[in-house]
Amino acid sequence: MPRTRELAGAHLEFWRERHLCSVTTLRRDGSPHAVPMGCVVDAESSLAWAITSRTSQKVTNLRDGGDPRVAVCQVDGRRWSTIEGTAEVLEDEESVAEAVRRYAERYRQPRENPDRVALRITITKVTGNV
């Protein structure tokens, strides 16, 4: 049975390993939209960061009064963890640069994308089996 966790110890280390995640946002009709994405957690501030294009469906789902709830899950064999929270789409240069910096530390330097935005997720719940 999955249990609520804190992002600490082995659980935090799992989120520092290089794994792609799936992110789920909600369309206006409430149906889920799940796609692969890189995501980086900042346990000290209970935030997660991601980068994406401003034209992506997940950004559309989060904007214009859409439901801000998201779930981000990563899996490695029998180990898994899901963070839940609320996401904000940030377009200012400083926030996008911060998200790119964090992404590059966990994954690699991303390609240039003039339509890039940052997603900042306020983490409200963590579940998993690590």
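# Notebook: pockets, core and salt bridges

I began with the largest pocket, where strand E3 (32–37) and strand E5 (47–53) each supply at least two residues of the lining. I keep in mind throughout that this is a predicted model.

**Entry 1, the largest pocket.** I looked up the volume and found about 260 Å³ of space in this pocket. The lining consists of 13 residues, and those closest to the centre of the pocket are Ile51, Thr52, Tyr103, Arg111 and Arg116. Strand E5 gives the most to this lining, with 3 residues. Sorting the lining of the largest pocket by class, I noted 6 nonpolar, 4 polar and 3 charged residues.

**Entry 2, serine 53.** Staying with strand E5, I turned to serine 53, which is found in that strand. Is serine 53 buried or exposed? The relative accessible area of serine 53 is 18%, and buried means under 20%, so I entered this residue as buried. Leaving aside residues up to four places away in sequence, serine 53 touches Val59, Asn113, Asp115, Arg116 and Val117.

**Entry 3, the second largest pocket.** Here I found about 220 Å³ of space. Helix H1 (9–16), strand E4 (40–42) and helix H3 (93–106) each supply at least two residues of the lining of the second largest pocket, and the largest share, 4 residues, comes from H3. Among the lining residues of this pocket I wrote down Trp15, Val41, Asp42, Arg101, Arg102 and Glu105. By class, the lining of the second largest pocket has 5 nonpolar, no polar and 7 charged residues.

**Entry 4, salt bridges in helix H3.** I next looked up the charged pairs of this helix. Glutamate 98 forms a salt bridge with arginine 101, with the closest N and O atoms 2.7 Å apart, and both residues lie in helix H3, 3 residues apart, about one turn of the helix. Arginine 101 also forms a salt bridge with glutamate 105, where the closest N and O atoms are again 2.7 Å apart; this pair is 4 residues apart in helix H3, and so separated by about one helical turn. I checked accessibility as well: glutamate 98 counts as partly exposed at 24%, arginine 101 as partly exposed at 38%, and glutamate 105 as exposed at 60%. Asp42, Glu98, Arg101, Arg102 and Glu105 are linked in a network of salt bridges.

**Entry 5, a salt bridge between strands.** The count of salt bridges in the model comes to 12. One of them joins glutamate 88 and arginine 120, whose closest N and O atoms are 3.0 Å apart. Which parts does this pair tie together? Glutamate 88 lies in strand E7 (residues 79–90) and arginine 120 in strand E8, so the pair ties together parts that are 32 residues apart in sequence. Glutamate 88 is partly exposed, with a relative accessible area of 35%, and arginine 120 is also partly exposed, at 23%.

**Entry 6, the nonpolar core.** I closed with the largest nonpolar core, which has 33 residues, and in which Val41, Val72 and Ile83 have the most contacts. Strand E8 (residues 116–129) gives the most to this core, with 6 residues. In soluble globular proteins, nonpolar side chains tend to be buried together. For isoleucine 83 I listed the residues touched, not counting those up to four places away in sequence, and found Trp15, Cys39, Val41, Ala48, Val70, Ala71, Val72, Ile123, Lys125 and Val126. Two names on that list, Trp15 and Val41, also line the second largest pocket.

Terms used. Residues are numbered from 1 along each chain as its sequence is written. This is a predicted model: local features need pLDDT of at least 70, side-chain atom pairs count only at pLDDT 80 or more; totals for chains, interfaces and linings use all residues. Side-chain values use heavy atoms; hydrogens and water are left out. A nonpolar core is a set of buried Ala, Val, Leu, Ile, Met, Phe, Trp, Tyr and Cys residues joined through side-chain atoms within 4.5 Å. Buried means under 20% relative accessible area, exposed over 50%, partly exposed in between (1.4 Å probe, protein chains only). Contact means heavy atoms within 4.5 Å. On a 1 Å grid over the protein atoms alone, a cavity is a set of points where a 1.4 Å probe fits but cannot get out, and a pocket is an open set with protein on both sides within 12 Å along at least five of seven lines; lining residues have an atom within 4 Å of a point. Grid points are joined across faces, edges and corners, and a volume is the space filled by probe spheres set on the points. Ala, Val, Leu, Ile, Met, Phe, Trp, Tyr, Cys and Pro count as nonpolar, Asp, Glu, Lys and Arg as charged, and the others, Gly among them, as polar. A salt bridge is a side-chain nitrogen of Lys or Arg within 4 Å of a carboxyl oxygen of Asp or Glu.
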